Amino acid sequence: MSSIVTDAWKGYLLQLQKNPLRTKAITAGVLAGCSDTVAQKISGIKKLQIRRLLLLMLYGFAYAGPFGHFLHKLMDKIFKGKKGNTTVAKKVILEQLTSSPWNNLFFMIYYGLVVEGRPWSLVKAKVRKDYPTIQLTAWRFWPIVGWVNYQYMPLQFRVIFHSFVASCWGIFLNLKARSVAVKAA
């Protein structure tokens with residue numbers, strides 16, 4: 001069994017080296033799917049909603065993975081050659097002031113418009129009501145993840161690490177983003 005896992009890991013690392021963007025996108029999509037499956041079960045949905053699952057996998061594949069790939073490349077360029085706690089702190093602060101608010105807002109809008117198929121007026125009201133709480137919660141949680149990511153993860157593993165933790169965060173966001181009307185269904 002361990003040789004299967006070892007071989008799979010080696011194959012994954014090879015793909016990460018040969019096709020980093022594609023590999024990170026697929027990884028983010030798969031993890032988003034896992035996250036949604038867990039969120040659906042936690043929220044009491046009896047039969048897995050495949051359309052919702054696929055739309056959230058699409059979000060991970062088309063947006064979250066590529067966004068993370070390019071964000072971490074950009075951070076590496078901005079802070080090229082700089083190391084140490086001060087640099088890590090600057091990266092975390094920059095990420096929390098830029099991509100964190102954007103990503104949470106974008107997810108809520110995507111979820112409402114695309115996944116739930118709600119009209120813009122309802123999505124806007126939901127964002128207005130819940131976004132501040134979600135972002136404040138994110139600022140309590142993600143700086144720690146960012147610190148670990150920038151301090152200890154090599155560049156090629158940052159998106160994977162982030163995607164894995166994001167799959168847990170996604171459960172929270174997914175449950176929070178759901179409309180009241182959907183909860184009753």
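Let me start at glycine 117, which comes after helix H5 and has a positive phi, near 70°; please keep in mind that everything I describe today comes from a predicted model.

Staying with H5 itself, the buried residues in this helix are Ser99, Ser100, Pro101, Asn103, Asn104, Phe107, Met108, Tyr110, Tyr111, Gly112 and Val115. Two of these names, Phe107 and Val115, come back when we turn to the largest nonpolar core, which has 19 residues, and in which Phe107, Val115, Trp142 and Trp169 touch the most other members. As a general point, nonpolar side chains in soluble globular proteins tend to be buried together.

Where does this core draw its residues from? At least two residues each come from helix H3 (50-78), helix H5 (99-115), helix H6 (120-152) and helix H7 (155-177), and H6 is the helix that gives the most, with seven residues. If we look at tryptophan 169 and leave aside its neighbours within four places in sequence, we find it in contact with Asn104, Ile134, Thr137, Ala138, Phe141 and Trp142. Apart from this core there is another one, of six residues, including Met75, Val88, Val92 and Tyr150.

Finally, let us go to the beginning of the chain, where the axes of helix H1 (residues 2-18) and helix H2 (residues 20-42) come within 5 Å and cross at roughly 125°, which means that H1 is oblique to H2. On the H1 side the residues that meet H2 are Tyr12, Gln15, Leu16, Gln17 and Lys18, and on the H2 side their partners are Pro20, Arg22, Thr23, Lys24 and Thr27. Sorted by class, this contact of H1 with H2 has three nonpolar, four polar and three charged residues.

Note on methods
Residues are numbered from 1 along each chain as its sequence is written. This is a predicted model: local features need pLDDT of at least 70, side-chain atom pairs count only at pLDDT 80 or more; totals for chains, interfaces and linings use all residues. Side-chain values use heavy atoms; hydrogens and water are left out. Axes are lines fitted to C-alpha atoms, for helices over the stretch in contact, and angles run from 0 to 180 degrees between N-to-C directions. Helices (H or I, at least four residues) and strands (E, at least two) are DSSP runs, numbered from the N terminus. Angles under 35 degrees count as roughly parallel, over 145 as roughly antiparallel, 65 to 115 as roughly perpendicular and the rest as oblique. Contact means heavy atoms within 4.5 Å. Ala, Val, Leu, Ile, Met, Phe, Trp, Tyr, Cys and Pro count as nonpolar, Asp, Glu, Lys and Arg as charged, and the others, Gly among them, as polar. A nonpolar core is a set of buried Ala, Val, Leu, Ile, Met, Phe, Trp, Tyr and Cys residues joined through side-chain atoms within 4.5 Å. Buried means under 20% relative accessible area, exposed over 50%, partly exposed in between (1.4 Å probe, protein chains only).
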